[in-house]
Amino acid sequence: MGFESWLERDTAMLLDFDPHVVAFASQPFWLYWDDGRRMRRHAPDWFARLDDESGVVIDCRPPGRIGPRDQEAFDATERACAAVGWRFRLVGEVGEHQPTASPAG
């Protein structure tokens with residue numbers, strides 16, 4: 001399983017031990033969108049399939065390392081997830097993956 005940071009690695013370990021996660025994949029797809037100036041793309045860090053057959057897309061980035069372009073990518077990813085019925089989580093520190101938590105929690 002690939003990862004690009006310790007936060008991604010630790011999130012993968014937590015996903016692996018979460019009893020509601022039945023499968024997960026690293027950088028599962030590319031998302032493309034037009035930001036009004038040019039085409040953009042983003043590969044989320046994780047996709048997890050849960051035991052209720054729902055899906056959650058997870059990006060890992062500490063809050064202090066989120067710039068405007070990063071936030072735009074995370075917002076686009078969240079909109080795309082909502083359009084297909086998946087949840088989106090932005091993990092800023094170890095233990096925040098909570099794929100089974102409600103979107104507000």
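**Aromatic pairs, buried cysteines and a pocket**

Author: The count comes to 3 aromatic pairs in this structure, which is a predicted model.

Reader: What makes phenylalanine 24 and tryptophan 46 a pair, and why is the pair called edge-to-face?

Author: The ring centres of phenylalanine 24 and tryptophan 46 are 5.6 Å apart, and the rule asks for centres within 6.5 Å, so the two rings count as a pair. Their planes stand at 70 degrees, and planes over 60 degrees apart count as edge-to-face, which is therefore the name of this pair.

Reader: Why can the pair of phenylalanine 24 and tryptophan 46 be said to tie together parts of the chain?

Author: Phenylalanine 24 belongs to strand S1 (residues 21–26) and tryptophan 46 to strand S4 (residues 46–50), so the pair joins parts that are 22 residues apart in sequence. Tryptophan 46 has 0% relative accessibility and therefore counts as buried, since the limit for that word is under 20%.

Reader: How do you know which geometry to assign to phenylalanine 47 and tryptophan 86?

Author: The rings of phenylalanine 47 and tryptophan 86 lie 4.7 Å apart, centre to centre, with 55 degrees between the planes; that angle is neither under 30 degrees, as stacked requires, nor over 60, as edge-to-face requires, so the pair is tilted. Phenylalanine 47 is in strand S4, whereas tryptophan 86 is in the loop between helix H2 (68–84) and strand S6 (87–91), so this pair ties together parts that are 39 residues apart in sequence. Phe47 and Trp86, together with Phe29, form one aromatic cluster.

Reader: Are phenylalanine 47 and tryptophan 86 buried or partly exposed, and why?

Author: Phenylalanine 47 has a relative accessible area of 12% and is therefore buried, because buried means under 20%. Tryptophan 86, with a relative accessible area of 29%, is partly exposed, because that class runs between 20% and 50%.

Reader: What makes arginine 41 a charge over the ring of tryptophan 30?

Author: The charged end of arginine 41 sits over that ring, 4.1 Å from its centre, and the distance rule asks for CZ of Arg within 6 Å of the ring centre.

Reader: How many disulfides does the search find, and why are cysteine 60 and cysteine 81 called buried?

Author: The search of the whole structure finds 0 disulfides, so no pair of cysteine sulfur atoms lies within 2.5 Å. Cysteine 60, at 6% relative accessibility, counts as buried, and so does cysteine 81, at 2%, because the word applies under 20%.

Reader: Which residues lie nearest the centre of the largest pocket?

Author: Cys60 is one of them, alongside Glu4, Glu8, Asp45 and Arg61, in a lining of 14 residues. The volume of this pocket is about 220 Å³.

Key. Residues are numbered from 1 along each chain as its sequence is written. This is a predicted model: local features need pLDDT of at least 70, side-chain atom pairs count only at pLDDT 80 or more; totals for chains, interfaces and linings use all residues. Side-chain values use heavy atoms; hydrogens and water are left out. Buried means under 20% relative accessible area, exposed over 50%, partly exposed in between (1.4 Å probe, protein chains only). Rings of Phe, Tyr and Trp (its six-membered ring) pair if their centres lie within 6.5 Å; planes under 30 degrees apart count as stacked, over 60 as edge-to-face and the rest as tilted. Helices (H or I, at least four residues) and strands (E, at least two) are DSSP runs, numbered from the N terminus. A charge sits over a ring if NZ of Lys or CZ of Arg is within 6 Å of the ring centre and within 35 degrees of the ring normal. On a 1 Å grid over the protein atoms alone, a cavity is a set of points where a 1.4 Å probe fits but cannot get out, and a pocket is an open set with protein on both sides within 12 Å along at least five of seven lines; lining residues have an atom within 4 Å of a point. Grid points are joined across faces, edges and corners, and a volume is the space filled by probe spheres set on the points.
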